[in-house]
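Student: Could you walk me through this structure at an easy pace? I have not looked at it before.

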Amino acid sequence: LKVTDDLGCTITQGTKAFVKPKPVIKFVTIPVTCKGNDLIDLTPYSAPQGGIWMGKGVDTLNNKLNPLQSDTGTIFLMYSYTNNDNCTDSGSTTIKIEPQNIANFSASKTVGEEGDTVIFTNTSIAKDISNSKWNFGDPSSNFNTQTGKDATHIYNDSGIYTIQLIVTGGVGPEDTLIKSNF
């Protein structure tokens, strides 16, 4: 350090400066989740641990993400960590939130005659509805069940039928819809 006063006198003194290291944040990939799933503890997905997570749907006091309070799609999350030397680092990562499976369908007919063909249209909300499981409530038929997005069934006997659709596509739990009086 060199100091010069108004009279032109110079004093030089040596000193050491210590620069403390900044923490380095690292992330582990957060698995894809479903909008209907439980809270996700974000703590194990960052190092060093003990920082604060921020983002839509994040409880910053508990570092937990509530998928129901987030949008579907890719969500950006921020993480900030301050070490004991008061040095801070922050970074961001993402999580993908898929829509919750919600089974739904419509039918081309709900009243008909023996031998009528009914077309069932899958209007479910899910990442992938191509492997949906149908049960037509028609045990006398050799084709009482079917797998696929949409379905067609011929009812050879008169009666009242109960139709079941199970949607399994995506990362969340399957959803079942049962409609009676067809």
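Tutor: Below we talk through some strands, a few single residues and a pocket.

Student: Before that, what kind of model is this, and what does pLDDT decide?

Tutor: This is a predicted model, in which local features need pLDDT of at least 70 and side-chain atom pairs count only at pLDDT 80 or more, while totals for chains, interfaces and linings use all residues. Residues are numbered from 1 along each chain as its sequence is written, and side-chain values use heavy atoms, with hydrogens and water left out.

Student: OK, strands then. In what order do the strands of the open sheet come?

Tutor: The order is β5-β9-β8, three strands in an open sheet with antiparallel pairing; strands here are DSSP runs (E, at least two residues), numbered from the N terminus, and two strands pair if DSSP finds at least two bridges between them. The edges are β5 (40–41) and β8 (58–59), each of which pairs on one side only.

Student: And which residue is the bridge partner of V58 in β9?

Tutor: That partner is L65, and β8 and β9 (residues 64–65) are joined in the antiparallel sense over two bridges.

Student: What sits in the loop between β8 and β9?

Tutor: N63 lies in that loop, and it has a positive phi of about 55° although it is not a glycine. N63 is buried because its relative accessible area is 12%, where buried means under 20%, exposed over 50% and partly exposed in between (1.4 Å probe, protein chains only).

Student: N86 next: buried or exposed?

Tutor: N86 is exposed, with a relative accessible area of 64%. This residue lies in the loop between β10 (73–82) and β11 (88–98), and N86 also has a positive phi, of about 65°, although it is not a glycine.

Student: Now β13, which residues are on its covered face?

Tutor: In β13 (residues 116–122), D116, V118, F120 and N122 make up the covered face, while T117, I119 and T121 make up the uncovered one. β13 pairs in the antiparallel sense with β12 (residues 105–107) over three bridges, S106 having T121 as its bridge partner. β13 also pairs in the antiparallel sense with β16 (residues 151–155) over five bridges, and there D116 stands opposite Y155.

Student: Does Y155 come up again, I mean, which residues lie nearest the centre of the largest pocket?

Tutor: Y155 is indeed there, together with G112, G159, Y161 and F182, among 14 lining residues. A pocket is an open set of points on a 1 Å grid over the protein atoms alone where a 1.4 Å probe fits, with protein on both sides within 12 Å along at least five of seven lines, and lining residues have an atom within 4 Å of a point.

Student: What is the volume of that pocket?

Tutor: It is about 210 Å³, taken as the space filled by probe spheres set on the points, which are joined across faces, edges and corners.

Student: Different topic, how many disulfides are there?

Tutor: The structure holds zero disulfides, a disulfide being a pair of cysteine sulfur atoms within 2.5 Å. As for two cysteines, C34 is buried at a relative accessible area of 0%, and C87 counts as buried at 17%.

Student: Last one, where is P48?

Tutor: P48 is in the loop between β6 (46–47) and β7 (52–54), and the peptide bond from A47 to P48 is cis, with omega near -5°.

How values were computed: Helices (H or I, at least four residues) and strands (E, at least two) are DSSP runs, numbered from the N terminus.
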